[in-house]
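Hi everyone, thanks for coming. Let me put a protein up on the screen, and then we'll walk through it together.

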Amino acid sequence: MPGFFLKKIGYALMIAAMVASVLAGCASKGNNQAVMDMSKMSMDPIKVELTWSPAGASANQEIIFKAEVTQGGDVVDDADEVLFEIVNDNDSSKKLELKGELDEEGKYTAAGTLEEAGMYHVTSHVTARTQHSMPTKPLTVKP
Ligand SMILES: [Cu+2]
């Protein structure tokens with residue numbers, strides 16, 4: 001039936017639009033993978049635990065940013081992309097973009113150094129299991 005066929009197309013377009021809007025909401029410039037792997041489709045939302053060390057960072061000190069990604073309590077070690085974005089609160093041109101790499105513990109980490117003291121916001125953009133999560137936390141860098 002043509003009506004059924006059109007419904008299917010409408011549904012596919014709706015999903016495509018949803019994926020596009022999720023990707024557009026992200027500042028990431030990497031190769032966004034919009035291909036959907038149905039075997040990894042799950043209704044459970046991905047959870048991203050964003051941390052860094054040392055917690056009280058100073059200027060010109062190396063900071064290790066970490067994102068622990070889980071879904072339904074299980075570690076997600078096949079994320080398509082993890083990107084840490086650290087932006088100065090007063091001057092958004094002062095920013096770092098770091099690609100997270102998977103470590104032995106199943107966490108995504110990246111090392112970076114901020115040259116100037118001040119208030120920053122750290123966002124971890126995580127694309128995994130057809131979902132996107134981007135928690136943000138404030139970071140104060142001491143002189
Ligand atoms: Cu994002």
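Let's start with a single residue: in which strand is leucine 102 found? Leucine 102 sits in strand 6, which covers residues 101–102. Please keep in mind that this is a predicted model.

Is leucine 102 buried, exposed or partly exposed? With 16 other C-beta atoms within 10 Å, leucine 102 counts as partly exposed, because a residue needs 20 or more to be buried and 12 or fewer to be exposed. If we skip residues up to four places away in sequence, leucine 102 touches Asp77 and Tyr108. Alanine 79 is 23 residues away along the chain, and its C-alpha atom is separated from that of leucine 102 by 9.0 Å.

Now let's zoom out. The protein chain has one helix and ten strands, and reading from the N terminus, the order is α-β-β-β-β-β-β-β-β-β-β. Of the contacts with a separation of 6 or more, 62% join residues 24 or more positions apart. Buried residues make up 22% of the 143 residues.

On to the core. In soluble globular proteins, nonpolar side chains tend to be buried together. Here, the largest nonpolar core has 21 residues, and Val69 and Val122 have the most contacts inside it. Several strands supply at least two residues each to this core, among them strand 2 (62–71), strand 4 (81–88) and strand 8 (118–128). What does valine 69 contact, leaving aside its neighbours within four places in sequence? The partners of valine 69 are Ile46, Val48, Val76, Ala79, Tyr108, Val126 and Ala128. You'll recognise Tyr108 from earlier, as leucine 102 touches it too.

For contrast, let's visit a loop. Glutamate 115 lies between strand 7 and strand 8. Why is glutamate 115 exposed? It has 9 other C-beta atoms within 10 Å, and 12 or fewer makes a residue exposed. Leaving aside neighbours within four places in sequence, glutamate 115 is in contact with Ala59 and Asn60. Glutamate 115 and asparagine 60 are 55 residues apart in sequence, yet their C-alpha atoms are 4.8 Å apart in space.

Last, a word on confidence. The chain averages a pLDDT of 84, and 71% of the residues score at least 70. Over residues 28–33, though, pLDDT stays under 50, and the model has seven contacts beyond four places in sequence for that stretch. Where pLDDT is low, the predicted coordinates should not be read in detail. Thanks for listening!

Notes. Residues are numbered from 1 along each chain as its sequence is written. This is a predicted model: local features need pLDDT of at least 70, side-chain atom pairs count only at pLDDT 80 or more; totals for chains, interfaces and linings use all residues. Helices (H or I, at least four residues) and strands (E, at least two) are DSSP runs, numbered from the N terminus. Two residues are in contact if their C-beta atoms, placed from the backbone, lie within 7 Å. A nonpolar core is a set of buried Ala, Val, Leu, Ile, Met, Phe, Trp, Tyr and Cys residues joined through C-beta atoms within 7 Å. pLDDT is the predictor's confidence in each residue, from 0 to 100.
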